[in-house]
Amino acid sequence: MTAQPSTQATRPPAPDGSTVAGGYRRVRDGRRWWLFVAMAVAVAVVLPVGTVASSILDPSVDVWTQLWRTELPEMLVTTVGLMLATVVGTVAVGAGLAWLVGRYRFPGQRGFSWLLVLPLAMPAYVLGFVYVGLLDHPGPVQTTLRGWFDANVWFPTVRSFPMAVVVMTLALYPYVYLLARAALREQSATTYEAARVLGQRPLAAARRVVLPMARPSLAAGAALVAMETLTDYATVQYFNVTTVSVGISRVWNGMYDRNAATELASLVLLFAVAVIAFERLARGRARYTQDGSGARPIDAVRLHGWRAWAATGACALVVAVTFVVPVAQLLAWTSVSGMRGAGSALDPRYLGYLGNSLLVATAAAVCCAVLGVIIASATRLSADRTTRGFARMATIGYAVPGPVVAVGVLLLAAAADAVLDALGLPGGAVLVTGTVGALIYAYVVRFLALGYNSIDASLEKLPPSLTAAALTLGARPRAVVRRVHLPLVRSGVGVALVLVAVDALKELPVVLLLRPFGFETLAVWVFQLASESRWEQAGLPALTIVAVAVLPVVLLFRRTLEPKEAAS
Amino acid sequence: MRTRFASLSAVTFAVALAVSGCGAAFGGDDDVVRVYSARHYDLEPAFEQFYEETGIEVEFLYGSDAELRERIKAEGEDTLADVYMTVDAGNLALAAEDGMFQPMHSKVLDEAIPSNLRHPDGLWYGLSKRARTIVYDPDAVDPSALSTYEALAKPEWDGRLCLRRSTNVYTQSLVASLIVHHGEQRALEIVSGWADNAEIFNNDIEILENIDSGNCDVGITNHYYLARMLDDDADLDVKIFWPNQQGRGVHINTSGAGVTKNADNPELAQQLIEWLATDGQQAFVAGNHEYPANPDVEPDDLIAGFGDFKADDLDAEKFGALNAEAIQLMAEAGYE
Amino acid sequence: MSSAVGTATDVVLALESVTKSYGDVVAVDRVSLDVERGELLAVLGPSGCGKSTLLRSVAGLVRINGGRIRTGGREVVGPRTWMPPERRSVGVVFQDSALFPHLSVAGNVAFGLARRAPDRDARAREMLALVGLEQMAERYPHELSGGEQQRVALARALAPGPSVVLLDEPFSHLDRNLRVHVREETVAVLRAAGATAVLVTHDQEEALAVGDRIAVMRTGRIEQVDVPTTVFHRPMSRFVATFMGEADFVPGSLTTGRARTVLGDLPVLPGTTAGPVEVMVRPHDLEVRPDEHGPATVARTEFRGATMLHELRLDDGAVLRALQPHTAPVPVGTRVAVRVVGDHPLVTFPA
């Protein structure tokens, strides 16, 4: 068979980028574009953070000594404690539920598989104020208990560290659950079966094979949780827990000392570096390459009798506590506030704010997913350290508290304005006053890690030879991404989109500082009402955030998280 | 497919650009006053009434104090803000100190607002008064046992006192006023006593609810939170007490406004503030049960029912400047 | 343009002093090689010898530190040139086949073909027919057997008509029986396509069976490149000698054309200078028969089907191996005489 002649026709035409010079064929290397994008993104992310962090060069000694003498030591202990406790809690709950739902069959298991993601739509600060309201002394729970027993019935302290850990765990476990679930789904049955035939009982096999193989995903989930805990300053305050981030908001809102706030923020950055280092360590040097899409997933085991109902009960309890009860409480508040006044559905501002929220969240999610794919692919296309270094730089924003990012962006905008003024060009005012562009920029800085990590984790599971094969078949880097990476990491991209969109929808400090004049979002509105204790009026917008966030969560995860039927 | 990939990113940027364009469009109009407000209570009815009476439109942006000030500073000459409005004397004082305001030379305002509720050079004017006072559970506390803020530091109130978090500007201003009256040493003793006795809450509503439910016996809150709750539930088991009537009087705080230095429409801005201090006073305070700053305007019936009281006429400017010290003092005293 | 030179000598792949090091570890050490059009070169070496790195360097998956590589007459790597893999016109068949799991067999094969090419489908079908899998076109990779996957990978690599096809231990994942079968098929397909190919393997039998020429690598260097018979019969080093097959060495001293050893005066190849030498003897070169006065004892025997391997201990302690027809076994412990059969000259190495 003469295959050779027909080849010439199908071979892609020689790229025009190549030129002949001095006997050498100099070819424009497509990777430079990727390296350049990775570098540009890394610089764009680091710039605002660095601008703010550089203020540490001029430390306000007074503030430091004062802080160290009074609150700082306790703050540090609290921060570390809260982070560790929440990580342990979320990994236990998240990985446990993922295993339960992924490995066993029991009544309602298919539904719970995605219902368990719902708390992702519930901002931690909403969960916090709902539970303070419910469990507080005047709240319905204690009031009922007092009715049953006597006025001095014992009840755990609501505003306390343990309760903060519980609420943070309930609000954040879906991050671990999602990633653990994906890791389990993509694991091939063969390794698990290998462990079983090597004499391991099911749980031991899970512990010795499935768990270590899911370790990168668990580490990624734990890192997300740690970062969220680190930068939260709204939720913990409901429980009188003073972390470093709370300290930042204190010196910021109280002492109006941007330097001190920034310096405290650099402390948070230190923690963040520790978290990232931990994640790398936990991920280890091992490469976990298993061809997930084709592999047969681990067979599910049907549970019977009380075990089945215990499993159902456990899932139902988690869904109830993290979602059903808070939603019911918000509904109750909404019905109290009724249809009048601020926060009611008839309020003309309502739809506008809703639209703004959706717009910002969507734009941020798409930007983060696109950049996440580009950077994650760039590290695969040119396996040099530079690109990977840029990728790491590009993801530091998630460890930086929102206000720091926002102030950084604002400072940059002011600098850009100065440049524009110097050049005699108009438009500076708009820059400084805040544009949705600046807001989305800040969101990308802040949430790129979220998008990148989920995409990178998916990509990590592809054998490196797939990329090599595509390249040697003549696919340019861009085509490799489009034709090989994207189709195979679709679930990772989906996760990235949803995580970023939901986070952006719930996000508060950045939008408070950077939104353009008159540009309000639901989160801002909820915050304004909540900061004035107008819970009833905050009910509807809070409920709306939850409802809007629930939609993509359900649409996406319902499809991807329902147990995959064993192929063949 | 390639085009789809490219167009996706293109659309994203287009959307971002279009929307930033929308943001910019706010800069165009002339008959508009733009207010940066850290006061979250329903301002819309007052602004709507102003528009009906004058034809001048009001646009406003909510934010926290520090954020809005940072923003006005960062915006510099390009700022869109004509008016900076906020809820605490401390914030107004800081803004004045930072040179964010321009003086208003207004006879109307000088006549309408008492001198202790305004900046000596007319940089800002107070528009309403809030009393930060003592509230108690009538089932657990005999009002005769109550006297002053300072007395709540005594050990007899151990486990009975409920206070608001130190991050709150109202708490800070109250402590700042203690520093002004007693000096740092004595103020530290008082605040330490409070911290030992108190359970700390996130906001005044929580304190009032916990008094109502019997968890707390006594607390310190702004008067209008009680008024607001009484609006919803007249049978609320909480009573108000005016402290320090034998001495300096109840701690009063101000919400007020000033015209920004780089305002595009300083005349309109001043007109708005003048209106809020006079014809608009009722509309401005009524929605939130505040006491009018203008003595010619009567408070609403509900808060009038709280009775008359002697107010601490300490210069808002004075204790407003002490917020940072107040925070440090509370940190030292172990007040969360 | 340099392609003129390439055509003249018909060298499709040329490596010139290619070097690749990772820190202090030199994986590929100044390797020079030419592969001619239609040739199938087997690169053979133990694991870790740098043969895979060499292959990846040619594909552009590894950036070399020095040297030049030309494919199809174009320089793809040189001191001032680096062409990314997608521009090199090099097909690769990976060890794990690396089929795209989200694409059908046809989709995989068509992957490297221009998307708007009118004959894209036809070409893909043609390649599938070449590997005998046209009826599998709509299947997905996970529905294929290991051998079929490797054949699809081969079709995919050939489809764009690369100047050279690189095969990286493509049969090592397959079981032994299947391996020989798939190997034969692969060679047939490569021949049918007229492809120039480089196959990397650690299996000398595979290299001997497949390669038009064999390049033996050791610690990053090429020890010998030649046709299989030469590499087997005239290894240029003891390493090549032992790596290509069972070989033992008998000490001796060289005089003109013959070496005096315990096995007698043996004919040797010219090349080694006079003096003490070691003469390479392969088991099939030796014949034993019981002889009480012989120089060796049978220490062990091993049944190999048609033949029987006899391990012989010489009196000086050296060990030789000899293959005997299974019809003429000599029991263990028997004193034997050893004779070199045939009359071909033997390879010697300086002692």
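What share of the contacts in chain A with a separation of 6 or more comes from residues 24 or more positions apart? I got 83%, taking a contact as two C-beta atoms, placed from the backbone, within 7 Å.

Note to self: this is a predicted model, where local features need pLDDT of at least 70, side-chain atom pairs count only at pLDDT 80 or more, and totals for chains, interfaces and linings use all residues. Residues are numbered from 1 along each chain as its sequence is written, while chains are lettered from A and ligands numbered from 1 in the order in which they are written.

Chain A next. I looked up 26 helices and four strands (DSSP runs numbered from the N terminus: H or I of at least four residues, E of at least two). Of its 568 residues, 56% are buried, meaning 20 or more other C-beta atoms within 10 Å of their own.

Then I checked helix α22(A), residues 477-488. Its 12 residues should span 16 Å at 1.5 Å a residue (times one less than the residue number), and the end C-alpha atoms sit 15 Å apart, which agrees. Its buried residues, including P477(A), V481(A) and L488(A), pack against α2, α16, α20 and α21 of chain A.

Over to chain B. Strand β6(B), residues 161-164, is covered on both faces: L161(B) and L163(B) are buried on one side, C162(B) and R164(B) on the other. I found β6(B) parallel to β7(B) over four bridges and to β8(B) over two (pairing takes at least two DSSP bridges). L161(B) stands opposite A198(B) in β7(B) and has V218(B) as its bridge partner in β8(B).

Conventions:
Buried ≥ 20, exposed ≤ 12 C-beta atoms within 10 Å, placed from the backbone.
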